[in-house]
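Trainee: Please take me closely through one part of this model and what packs around it, in a single connected answer.

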Amino acid sequence: MKGLKITILLLGLCGFFQGTSFAQGIRVKAVIDSTNVLIGDQFNLRLELEQPKDAQVAFPEVGDTLANGIEVMAQSPLDTFKLDESEQLKIIKNLTITSFDTGRNVVPSFKFKLVQDNMQQDLETLPAEFFVHGMEIDTTKGPTDIKHPYAAPVTLAEASPYILGAILILAIAFFIFYYIQRRRKNKPVFGKAAKPKEAPHVIALRELERIKDEKHWLEPAEVKMFYSDVSDTLRQYIQERYKINAMEYTTEETMQAFNKQKDLLADKSKVQLKDILSLSDLVKFAKYQPSPDDHNLTLMNAFFFVNDTKVEERKTEVKDEREGEEVDMK
């Protein structure tokens, strides 16, 4: 192998091999850019034509092969440019060739046709030769590739399935975690966020306003409905406000619940509540017919009871940071 490398180096130092032909100021040439190659390597063969501007010279037709074992991989279009001499042109065609036959290979002559005065003359390049060297084979390793496979860069199209798969797995993992957390909190998985619960006094006052607007007490047949609505509104309010099961208790049981916890209600509110519930019981269960003044007083006391016992949320007071600072008046 060492001797082979020395041979390649010495032959390479000899420069490019070229064949040239001259005729009447016309010169044709075939130039190989490498005279020592490895089997399967691709290298260039350049055809050159120098001619007067008015000369008629035809380039040779080049097929897929130049000779036995020498293949043409690609060929460029003709490239024409002026030489320093204004009347002289240079035309170039590049061929990419290869060979899989080891040893000495010879590129045959190329024929350029010169037409002048109804006469035709062939101008030939000199044959060009090059040497193809094989690869040293280690028979102990069995059949191997001439070149080892190389790692091609991964494209986005190739990576897309893996990226989408990773995103899908993360989405499934997140959904499972979210589902478990919602179930632990006994909340619906896809339910909307619950609205803030209204304060008991807001609901009660809104219901009393409805009862006042409907004015059931004006119709004798609806007086019972009026007292039922008022008493049910207060019992619902008490249940939410004081956690006393007033909707299930009788009037006496409700008042006893308040009496057990004397700090819950002021005496005035207790009297108002007892009057409302007792009168309502008489209307609903004893067919008692109260006077119109009793209707107004019952409704008015119901408003007083709720307003006197309601618990309002404290609003956060925002202190003006400029307080105490001097302010310029323009």
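Mentor: Happy to! Helices here are DSSP runs (H or I, at least four residues) and strands are runs of E (at least two), both numbered from the N terminus. This is a predicted model, so local features need pLDDT of at least 70, side-chain atom pairs need 80 or more, and totals for chains, interfaces and linings use all residues. Residues are numbered from 1 along each chain, and side-chain values use heavy atoms, without hydrogens or water.

Let's take helix α4, residues 223–242, and begin with T233, which is found in that helix. T233 counts as buried because its relative accessible area is 8% (buried is under 20%, exposed over 50%, partly exposed in between; 1.4 Å probe, protein chains only). Leaving out residues up to four places away in sequence, T233 touches A204, E207, L208 and I211 (contact is heavy atoms within 4.5 Å).

Helix α4 also holds E240. Unlike the buried T233, E240 is partly exposed, with a relative accessibility of 27%. Once neighbours within four places in sequence are set aside, E240 is in contact with K197 and P200. The contact with P200 is worth a second look: E240 and P200 lie 40 residues apart along the chain, and their C-alpha atoms are separated by 5.9 Å.

Now follow α4 to helix α5. Helix α4 is among the elements that cover the buried residues of α5, and α6 (267–286) is another. Helix α5 itself spans residues 251–260, and its buried residues are T251, T254, M255, A257 and F258. Seen down the axis of α5, these buried residues fall within an arc of 150°, so they line one face of the helix (the arc is taken over directions from the helix axis to the C-beta atoms). The general rule behind such a pattern is that an α-helix has 3.6 residues a turn, so residues three or four places apart point the same way. On the other side of α5, E252 and K260 are exposed.

To tie this together, α4 carries the buried T233 and the partly exposed E240. Helix α4 also helps, along with α6, to cover the buried residues of α5. In the viewer, you could start at T233 with its contacts A204, E207, L208 and I211, then go to E240 with K197 and P200, and finish on the face of α5 lined by its buried residues.
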